[in-house]
Amino acid sequence: MSPTLGRTRSGAESDLAGRGGMLLAMVLAVLGYQINATMLSPALPDVIERLGTTTAAAGLSQTLFFLMAAIGQVTLARLSDQRGRKPMMVLCAFVLIAGNLLCVFAPNIEVFIAGRILQGMSAAMFTLAFLTLNQLLTPAGFGKAAGIVTAVNGGLAGVDAIAGGQIADTIGFRGIFVCSTLIAVAGLIGVRKYVPDVPPTTSPDARFDSRGIAALSIGLTGVLVGLAQGASWGWTSALTIGFLLGGVAALVLFVVSQKSAANPVIDIEVLASRRAWPLLITTVCTLGGAFGAIALTIPLFSQDARVGLGLSAVAAAFLFLTPIQLIGVVSAPLTGRLGPKIGWRTVVVTGAIANFAIFVFATFFLHNEWILVASLAALGVTYGGFMLTGLNGLAVTTAPKDKPGSLSGLNGACFGIGASLGIALASAMITAGSDAKGPTEAGYQHAMYAALALLAIGVVASLLIQRPDEDGDGQGVGADGEERKLVLAHH
């Protein structure tokens with residue numbers, strides 16, 4: 001073997017090992033956040049019982065978790081344009097660990113909610129991972145890697161859902177956050193060691209739009225908390241109306257402030273284009289419809305012994321959560337390979353239509369256990385694969401080249417907004433339909449109707465997304481068309 005060939009092969013092997021370590025680190029980092037959603041879903045009844053709280057309060061904790069995910073995605077993704085992706089990933093890991101510890105030792109629902117808020121902020125890890133990969137890899141390489149990272153968006157191949165149910169049935173919900181902490185620590189170590197320091201895309205001296213972030217945070221909190229608590233507070237109460245109107249006013253102020261900000265969180269021109277707003281509406285409605293049902297309505301309904309299916313937490317997780325996650329682990333990477341070939345927009349439109357069709361069956365056959373199982377399993381392909389991978393891929397590859405964190409960060413925020421909106425609406429519908437003995441069949445059914453309506457809006461919005469330019473993706477490709485080499489920074 002020639003010395004030149006030996007050096008080339010050694011360099012290729014080193015480069016491949018570096019990419020493998022980087023990708024594994026990102027998977028662990030995002031999984032530490034994600035299992036706080038997937039593992040906790042079957043354990044929600046246990047949270048209600050052990051903390052002596054209500055369905056509305058548990059729903060609020062979920063709403064705030066995903067709301068903070070939205071705010072964290074916008075804030076940290078945009079800040080990473082100036083400060084770098086890796087420092088923000090490390091920050092996310094520390095925030096997640098702190099939130100986990102609060103939930104482990106929470107004596108009441110108030111401390112538990114505080115922990116969930118911190119955990120939600122760490123959701124920015126997803127967007128930061130996608131932005132880093134897109135800066136380093138070719139479109140084809142990005143598609144494959146994005147599919148793998150997206151595969152954990154539904155959890156750990158369904159094992160975490162079953163484990164969450166088992167933990168809830170035995171030692172209680174606190175054990176879930178111990179597991180998340182261990183994974184988050186491993187992810188933190190991996191990020192520090194294997195994720196390279198990619199250069200910022202915006203000058204570090206640029207002024208950060210703190211006023212815009214504050215207005216956005218207040219606006220989203222007002223609207224989503226108002227929706228989540230409206231049924232318990234009363235829809236015409238001063239508190240509900242105050243939250244809703246105050247939230248809307250803050251969102252209007254946010255939009256106005258972006259026009260004059262020197263370094264806005266959101267480029268209004270981009271937001272007004274058909275490559276942005278239909279995509280964002282599709283993301284919000286897809287997550288609102290699908291996740292609201294998967295994470296709240298179906299777990300509560302399946303374990304409700306009075307008007308639901310009366311299953312244990314383990315059985316409910318095994319039947320209704322595991323199939324989505326297990327199939328999603330396979331379909332997300334395949335979708336990642338498919339996206340660059342047929343176009344990310346095509347993937348999104350196909351997934352939106354299929355999601356709606358599947359939810360029609362799930363909604364109208366809610367009491368038929370096996371039709372419900374089959375419907376949710378099919379969502380592993382359409383939702384766990386096509387939609388989650390496609391929405392992320394389309395947002396990253398069509399973002400402005402000078403501000404890649406703008407559209408992808410906002411789209412990541414829409415994942416959190418959609419999830420919190422879905423949880424808020426489902427919680428409100430179930431609470432409104434409750435009687436003296438608890439939730440009723442009508443309450444669960446109305447929650448599913450709300451999910452179906454959101455998915456229908458998502459289908460219409462997906463059809464309005466502008467077709468991206470032929471050269472609209474490829475930020476990770478150099479002038480010669482070759483994929484950039486990874487330069488690993490070890491700390």
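A residue is called buried here when its relative accessible area is under 20%, exposed when it is over 50%, and partly exposed in between, using a 1.4 Å probe and protein chains only. By that rule F130, with a relative accessible area of 1%, is buried. Before we go on, a word on the model: it is predicted, so local features need pLDDT of at least 70 and side-chain atom pairs count only at pLDDT 80 or more, while totals for chains, interfaces and linings use all residues. Residues are numbered from 1 along each chain as its sequence is written, and side-chain values use heavy atoms, with hydrogens and water left out.

Let us start with the whole chain. The protein chain has 18 helices and zero strands; helices (H or I, at least four residues) and strands (E, at least two) are DSSP runs, numbered from the N terminus. Of its 491 residues, 61% count as buried. Contact means heavy atoms within 4.5 Å, and among contacts in the chain with a separation of 6 or more, 83% join residues 24 or more positions apart.

Back to F130, which belongs to helix α6 (residues 124-136). Setting aside residues up to four places away in sequence, F130 touches F142, A146, V149, T150, N392 and V396. F130 also shows how distant parts of the sequence meet: F130 and T397 are 267 residues apart in sequence, yet 10.0 Å apart in space, C-alpha to C-alpha.

Now for the interior. A nonpolar core is a set of buried Ala, Val, Leu, Ile, Met, Phe, Trp, Tyr and Cys residues joined through side-chain atoms within 4.5 Å. The largest one has 140 residues, and L40, F112, F320 and F359 have the most contacts inside it. Helix α13 (residues 277-303) gives this core its largest share, 14 residues.

Follow F320 next. Apart from neighbours within four places in sequence, F320 is in contact with I298, S302, L309, L311, E369, L372, V373 and L376. One of these, S302, lies in α13 and is buried, with a relative accessible area of 1%. With the same neighbours left aside, S302 is in contact with L309, G310, L311, A316 and F320.

S302 and F320 also take part in a helix pair. α13 and helix α14 (residues 313-342) pack at about 145°, with axes 9 Å apart; axes are lines fitted to C-alpha atoms, for helices over the stretch in contact, and angles run from 0 to 180 degrees between N-to-C directions. I294, I298, S302 and Q303 of α13 meet A313, A316, F320, L321 and I324 of α14.

F359 leads us to another pair. Helix α15 (residues 344-364) and helix α18 (residues 441-463) pack at an angle of about 160°, with their axes 9 Å apart. α15 is therefore roughly antiparallel to α18, a term for angles over 145 degrees (under 35 is roughly parallel, 65 to 115 roughly perpendicular, and the rest oblique). The residues in this contact include V348, F356 and F359 of α15 and Y449, L452 and L455 of α18.

Finally, F112 brings us to helix α4 (residues 85-104) and helix α5 (residues 109-121), whose axes come within 7 Å and cross at roughly 160°. These two helices are therefore roughly antiparallel to each other. Among the residues making the contact are V95, L96 and G99 of α4 and F112, G115 and L118 of α5.
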